[in-house]
Amino acid sequence: MEKYVQIISESFTGYFHYLYQEIVNPTWTSYFYWLIALSLLVWLLEIVNPWRKEQQLFRKGFWLDGFYIFFNFFLFSLIGYNALSNVGVELFNDFLGLFGMENIVAIEVDGLPAWSQLLIMFLVADFVQWNVHRQLHRRPWLWEFHKIHHSVKEMGFAAQFRFHFMETIVYKTVQYIPLAMIGFGIQEFFIVHMFTVLVGHLNHANVGWGYGPLGYIFNNPKMHIWHHSKELPESHPYGMNFGLSLSIWDYLFGTAYLPKSGKEIELGFSRDEEFPQNFTSQMAFPFKKNKN
């Protein structure tokens with residue numbers, strides 16, 4: 001038990017020191033400043049060439065989503081997730097130790113070129129996320145958490161990070177084992193992470209891009225807006241277009257839906273007018289027994 005208490009303590013102090021150094025001593029791989037830079041870049045694209053021209057620059061929910069960006073990207077780790085994650089990894093390693101195992105690496109890829117390792121990691125992680133995203137819509141108890149993301153009524157780049165912190169726990173937990181089974185030997189995960197942030201920002205941005213033939217591979221704004229449609233077609237009662245960075249999974253498994261331009265469709269979900277509009281109430285919403 002003492003070991004885990006120490007891990008928790010060191011996790012809090014370690015992450016605080018890391019975040020402090022990120023801010024005061026920026027480097028070319030500083031997540032903090034890359035997040036700000038990518039956000040400003042995509043917001044500029046919205047300003048220069050907006051798809052829904054009647055939408056205000058500071059759209060409905062803009063400031064709430066801005067807070068969600070920094071909460072889900074940094075603050076949640078600072079106040080608990082980093083400690084929880086480190087304890088979980090140590091518990092898993094201790095469990096493996098009961099069977100005389102040090103890891104569950106099944107495929108060694110550390111001898112491959114760095115670019116191919118990054119590609120494998122990206123594909124595996126995105127496919128797992130696609131499956132988790134489907135479950136967020138199909139499982140009623142998970143949907144209660146995911147409603148927060150779908151409470152967005154006007155799309156903009158920052159809407160990507162409007163989600164409940166429990167989604168981080170679910171996504172990372174499910175991803176851990178398949179990624180742990182691959183023996184990655186590189187540290188350039190930063191590239192994959194920031195690329196997915198950029199794609200996610202663009203998918204939620206007020207831009208009307210479809211990427212042409214590449215839209216069958218990469219998720220895109222014209223496709224993703226249908227994922228946020230309030231009205232669901234009979235053919236997709238639980239939703240559609242679940243891809244995060246890639247759309248190919250939706251086309252391969254029959255969950256793609258792009259009938260026409262979604263420029264003017266209503267966003268949200270049934271009875272979303274009753275959904276709370278502030279951060280603390282949204283965080284508490286899934287845990288309430290009586291939501292009416």
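This report walks through a predicted model of a single protein chain, starting with the overall picture and then stopping at a few residues.

**The big picture**

Let's start with the parts list. The chain is built from 10 helices and two strands. Reading from the N terminus, you meet them in the order α-α-α-β-α-α-α-β-α-α-α-α.

How does the chain's radius of gyration fit with a compact globule? For 292 residues, such a globule would come out near 19 Å, and the chain has 20 Å, so the two agree. If you line the chain up along its principal axes, its C-alpha atoms fill a box of roughly 60 × 40 × 40 Å.

As for what's tucked away, 46% of the 292 residues count as buried. On the outside, the chain exposes about 15,700 Å², and carbon and sulfur atoms supply 65% of that area. The contacts tell you something about the fold too: take those with a separation of 6 or more, and 76% of them come from residues 24 or more positions apart.

**Charges and salt bridges**

The chain carries 20 positive and 24 negative side chains. The centres of these two sets lie 11 Å apart. Side chains of opposite charge can pair when their charged atoms come close. In this structure, there are nine salt bridges. Here are three of them, with the gap between N and O.

| Positive residue | Negative residue | N to O distance |
|---|---|---|
| Arg59 | Asp65 | 2.7 Å |
| Lys147 | Glu144 | 3.3 Å |
| Lys153 | Asp272 | 2.8 Å |

Take the Arg59 and Asp65 pair to begin with. Are its partners buried or exposed? Asp65 has a relative accessible area of 0%, so it is buried. Arg59 is buried as well, because its value of 6% is under the 20% cut-off.

The Lys147 and Glu144 pair sits inside a single element. Both residues belong to helix H5, which spans residues 140–150, and they are three residues apart, about one turn of the helix. Lys147 counts as buried with a relative accessible area of 15%, and Glu144 does too, at 18%.

Then there's Lys153 with Asp272, whose closest N and O atoms are 2.8 Å apart. Lys153 is in the loop between H5 and helix H6 (165–180), while Asp272 is in the loop between helix H9 (248–253) and helix H10 (279–284), so this pair ties together parts that are 119 residues apart in sequence. The partners don't share a label for exposure: Lys153 is partly exposed at 26%, whereas Asp272 is buried at 8%. These two also belong to a network of salt bridges that links Lys153, Lys230, Glu266, Asp272 and Glu273.

**Two residues on helix H4**

Next stop is helix H4, residues 114–138, where you'll find Gln129. Gln129 has a relative accessible area of 17%, so it counts as buried. Which residues does Gln129 touch, if you skip those up to four places away in sequence? The answer is Tyr171, Gln175 and Leu244.

Val132 lies in helix H4 too. With 7% relative accessibility, Val132 counts as buried. Leaving out residues up to four places away in sequence, Val132 touches Val170, Tyr171 and Val174. So Tyr171 turns up as a contact of both Gln129 and Val132, because each pair has heavy atoms within 4.5 Å. Val170 is 38 residues away from Val132 along the chain, yet their C-alpha atoms are separated by 8.0 Å.

**A proline in helix H8**

Last up is Pro221, which lies in helix H8, residues 221–227. Its relative accessibility is 1%, so Pro221 counts as buried. What surrounds Pro221, once neighbours within four places in sequence are set aside? Pro221 is in contact with Trp51, Leu202, Asn203, Ala205, Val207, Trp209 and Tyr211. There's also a C-alpha distance to look at here: Pro221 and Gly210 are 11 residues apart along the chain, and their C-alpha atoms are separated by 6.4 Å.

Terms used
Residues numbered from 1 in each chain as written. Predicted model: local features only at pLDDT ≥ 70, side-chain atom pairs only at ≥ 80, totals over all residues. Heavy atoms only, no water. Helix = DSSP H or I, 4+ residues; strand = E, 2+ residues; numbered from the N terminus. Rg over C-alpha atoms; globule rule 2.2 N^0.38 Å. Buried < 20%, exposed > 50% of the residue type's maximum accessible area, 1.4 Å probe, protein only. Areas by Shrake-Rupley, 256 points an atom, 1.4 Å probe, with all protein chains shown as cover. Lys, Arg positive; Asp, Glu negative; His and termini not counted. Charge placed at Lys NZ, Arg CZ, Asp CG, Glu CD. Salt bridge = Lys/Arg side-chain N within 4 Å of Asp/Glu carboxyl O.
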